[in-house]
Amino acid sequence: MTRDAESGYPYEVCGVMVGKGDTVTHFRKCANLVADDKSETAFKKTGDIDSNRLKDRYELDPRSYIEADSWARENGLEILGIYHSHPDHPSVPSETDRQVASPEWAYIIFSVNRGEFSDARIWCIDEQSFQFEERKFEIVKDPLEEMKKSGATQP
Ligand SMILES: [Zn+2]
């Protein structure tokens, strides 16, 4: 997954997190309509405010979203949230991220500096204040096993 974020550099990559309950078991990469639609010149001018803003834009291709969603259902899982990368920016949500966020999902942001993965943080939007709050998470070795153990299948 981090390699996926690195390979997309300097563009943002995005996709969905699939799993059950609180456990993410899979990452499914989705097409980024903004990056696919890029005008080369817009990204070449780094350091320029406008190109920085462009770099924090992603738009999940609805077709890949639907594909991921049906894949998740077929496997008894569901979409838990959305991930995207921040090339050369910290793993903190931007104003753009906040505007497009939905309270039903968790957002994980991968920070990629000069093409190398640096860190990841998870954010959820508060339904009342509509501000992002950071969530703690832990990495489990075998999420599917972990899920069975904790009996997370029942709400
Ligand atoms: Zn962002």
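## Exercises on a predicted model

D88 lies in the loop between β3 and α6. The model is a predicted one. The exercises start from this residue and work outwards to the sheet.

### Exercise 1: Backbone at D88

Task: Find the sign of phi at D88 and classify D88 as buried, partly exposed or exposed.

Solution.
- Step 1. Read the phi angle. D88 has a positive phi of about 60°, and it is not a glycine.
- Step 2. Set this against the general pattern. Most residues other than glycine have a negative phi.
- Step 3. Count neighbours. D88 has 16 other C-beta atoms within 10 Å.
- Step 4. Apply the cut-offs. Buried needs 20 or more, and exposed needs 12 or fewer. D88 is therefore partly exposed.

### Exercise 2: The hairpin of β4 and β5

Task: Describe the hairpin of β4 and β5, and classify R114.

Solution.
- Step 1. Place the residue. R114 is found in the loop between β4 and β5.
- Step 2. Describe the hairpin. It has 2 residues between the strands, and R114 takes a positive phi near 50°. R114 is not a glycine either.
- Step 3. Check the pairing. β4 and β5 run antiparallel and are joined by 8 bridges.
- Step 4. Classify. R114 has 9 other C-beta atoms within 10 Å, so it is exposed.

### Exercise 3: The hairpin of β1 and β2

Task: State how β1 and β2 pair, and name the residue with a positive phi in their hairpin.

Solution.
- Step 1. Get the direction. β1 and β2 run antiparallel, with 7 bridges between them.
- Step 2. Take one pair. V18 has H26 in β2 as its bridge partner.
- Step 3. Inspect the turn. The hairpin of β1 and β2 has 2 residues between the strands, and G21 takes a positive phi near 60°.

### Exercise 4: The sheet

Task: Write down the strand order of the sheet, then identify the edge strands.

Solution.
- Step 1. Give the order. The open sheet of 6 strands runs β2-β1-β3-β4-β5-β6, with mixed pairing.
- Step 2. Find the edges. β2 (23-30) and β6 (132-135) each pair on one side only.
- Step 3. Add the twist. Neighbouring strands of this sheet are turned by 35° against each other on average, direction ignored.
- Step 4. Find a parallel pair. β3 and β4 (residues 106-113) pair in the parallel sense over 7 bridges.
- Step 5. Go to β6. β5 (residues 116-125) and β6 are antiparallel over 4 bridges.

### Exercise 5: A path across strands

Task: Start at I82 and step through opposite residues.

Solution.
- Step 1. I82 stands opposite Y107 in β4.
- Step 2. Y107 in turn stands opposite W123 in β5.
- Step 3. W123 stands opposite E134 in β6.

### Exercise 6: Helices against the sheet

Task: State which strands α5 lies across, and give the handedness of the unit formed by β3, α6 and β4.

Solution.
- Step 1. Place α5. Helix α5 (residues 62-74) lies across β1 (14-20), β2 and β3 (78-87).
- Step 2. Read the angle. α5 runs at about 145° to β2.
- Step 3. Take the crossover. β3, helix α6 (residues 95-100) and β4 make a right-handed β-α-β unit.
- Step 4. Look past α6. E104 has its place in the loop between α6 and β4. E104 has 11 other C-beta atoms within 10 Å, so it is exposed.
- Step 5. Check a distance. The C-alpha atoms of E104 and L80 are separated by 8.1 Å, and the two residues are 24 apart along the chain.

### Exercise 7: A peptide bond

Task: Is the peptide bond from Y9 to P10 cis or trans?

Solution.
- Step 1. Locate P10. It is found in the loop between α1 (2-8) and β1.
- Step 2. Read omega. From Y9 to P10 omega is near 5°, and the bond is cis.
- Step 3. Compare with the general rule. Most peptide bonds are trans.

### Exercise 8: Whole chain and confidence

Task: Summarise the chain, then name the stretch where pLDDT is below 50.

Solution.
- Step 1. Count elements. The protein chain has 7 helices and 6 strands.
- Step 2. Assess burial. Of its 155 residues, 23% count as buried.
- Step 3. Take the contacts between residues at least 6 apart in sequence. Among these, 63% join residues at least 24 apart.
- Step 4. Get the average confidence. The mean pLDDT is 83, and 82% of residues reach 70 or more.
- Step 5. Find the weak stretch. Over residues 37-53 the pLDDT is below 50, and the stretch has 9 contacts in the model beyond near neighbours in sequence.
- Step 6. Draw the consequence. Where pLDDT is low, predicted coordinates should not be read in detail.

How values were computed. Residues are numbered from 1 along each chain as its sequence is written. This is a predicted model: local features need pLDDT of at least 70, side-chain atom pairs count only at pLDDT 80 or more; totals for chains, interfaces and linings use all residues. Two strands pair if DSSP finds at least two bridges between them. Axes are lines fitted to C-alpha atoms, for helices over the stretch in contact, and angles run from 0 to 180 degrees between N-to-C directions. Two residues are in contact if their C-beta atoms, placed from the backbone, lie within 7 Å. A crossover is right-handed if, with the strands pointing away from the viewer, the path from the first strand over the helix to the second runs clockwise. pLDDT is the predictor's confidence in each residue, from 0 to 100.
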